[in-house]
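Colleague: I've got a few labels to pick at in this one. Can you walk me through the reasoning behind them?

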Amino acid sequence: MKVLIDNGHGENTPGKCSPDGKLKEWAYTREIADRLVTELRKNGIDAERIVKEMIDIPLSIRCRRANDIYRETGGKAILISIHCNAAGSGSDWLSAHGWSVFISNNASMNSKNLAICLAGAAIGKRIFVRQPMQGQLFWTQNLAICRDTICPAVLTENFFQDNKEDVEFLLSDEGMQMVTQIHVDGIKDYLNKYVR
Ligand SMILES: [Zn+2]
């Protein structure tokens with residue numbers, strides 16, 4: 001099984017940063033993606049980033065890259081797209097906070113299970129997981145990276161880049177390790193439970 005990691009946005013994407021400019025989503029998610037690939041490989045899990053460029057790669061190309069690998073591996077690939085959430089346009093500090101995971105409207109049972117495993121890993125670390133309703137651990141949205149990929153695919157929104165406490169946590173060593181480890185543990189749980 002190959003774990004494909006997508007990091008959102010690029011250095012040329014406008015906005016997408018904290019009000020104080022300290023957290024830039026494209027750079028942060030690349031750092032987490034790199035850490036995640038390293039940790040997964042340490043755990044004997046094949047992992048690869050699908051966007052190695054620093055610039056923003058269009059969603060259609062990212063989906064094609066993932067789908068090509070899915071076909072090449074005979075259907076043995078899953079995809080996780082890593083993002084940081086925002087409640088506003090990035091000009092003000094706002095109050096929304098916490099971690100969440102998304103799937104597309106056309107998600108397969110495998111995508112749902114992957115999302116549940118990731119959310120379970122976050123809850124296991126006493127992270128506040130945002131839920132659309134009690135008992136549902138994932139959000140459903142029309143997301144191209146999940147909708148147009150043929151492999152199990154989820155998108156994680158790792159805390160809020162416009163919440164002051166969240167950004168402090170995200171940029172701390174503890175926060176970066178936590179965000180990485182949520183993904184490592186969630187992916188391992190999914191592979192153990194649903195992949196033979
Ligand atoms: Zn994003």
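Colleague: What makes R49 buried?
Modeller: This is a predicted model, and in it R49 has a relative accessible area of 10%. Buried means under 20%, so R49 counts as buried.

Colleague: And why is D34 called partly exposed?
Modeller: D34 comes out at 39% relative accessibility. The partly exposed class sits between under 20% and over 50%, so D34 lands there.

Colleague: How do you know that D34 and R49 form a salt bridge?
Modeller: Their side chains meet at 2.8 Å, N to O, and the cut-off is within 4 Å. D34 belongs to helix α1 and R49 to strand β2, so the pair ties together parts 15 residues apart in sequence.

Colleague: What makes K193 exposed?
Modeller: K193 has 54% relative accessibility, and exposed means over 50%, so the label fits. K193 also forms a salt bridge with D189, with the closest N and O atoms 3.1 Å apart. Both lie in helix α6, four residues apart, about one turn of the helix.

Colleague: Why is α1 called oblique to α6?
Modeller: Their axes come within 9 Å and cross at roughly 50°. Angles under 35 degrees would be roughly parallel and 65 to 115 roughly perpendicular, so this crossing is oblique. α1 passes α6 in a right-handed crossing.

Colleague: Which residues of α1 meet α6 there?
Modeller: Y28, E31, I32, R35, L36, E39 and L40 do, against α6 residues including M176, V179 and I187. The contact divides into eight nonpolar, four polar and three charged residues.

Methods:
Residues are numbered from 1 along each chain as its sequence is written. This is a predicted model: local features need pLDDT of at least 70, side-chain atom pairs count only at pLDDT 80 or more; totals for chains, interfaces and linings use all residues. Side-chain values use heavy atoms; hydrogens and water are left out. Axes are lines fitted to C-alpha atoms, for helices over the stretch in contact, and angles run from 0 to 180 degrees between N-to-C directions. Helices (H or I, at least four residues) and strands (E, at least two) are DSSP runs, numbered from the N terminus. Angles under 35 degrees count as roughly parallel, over 145 as roughly antiparallel, 65 to 115 as roughly perpendicular and the rest as oblique. A crossing is left-handed if the near helix is turned anticlockwise from the far one by less than a right angle, and right-handed if clockwise. Contact means heavy atoms within 4.5 Å. Ala, Val, Leu, Ile, Met, Phe, Trp, Tyr, Cys and Pro count as nonpolar, Asp, Glu, Lys and Arg as charged, and the others, Gly among them, as polar. Buried means under 20% relative accessible area, exposed over 50%, partly exposed in between (1.4 Å probe, protein chains only).
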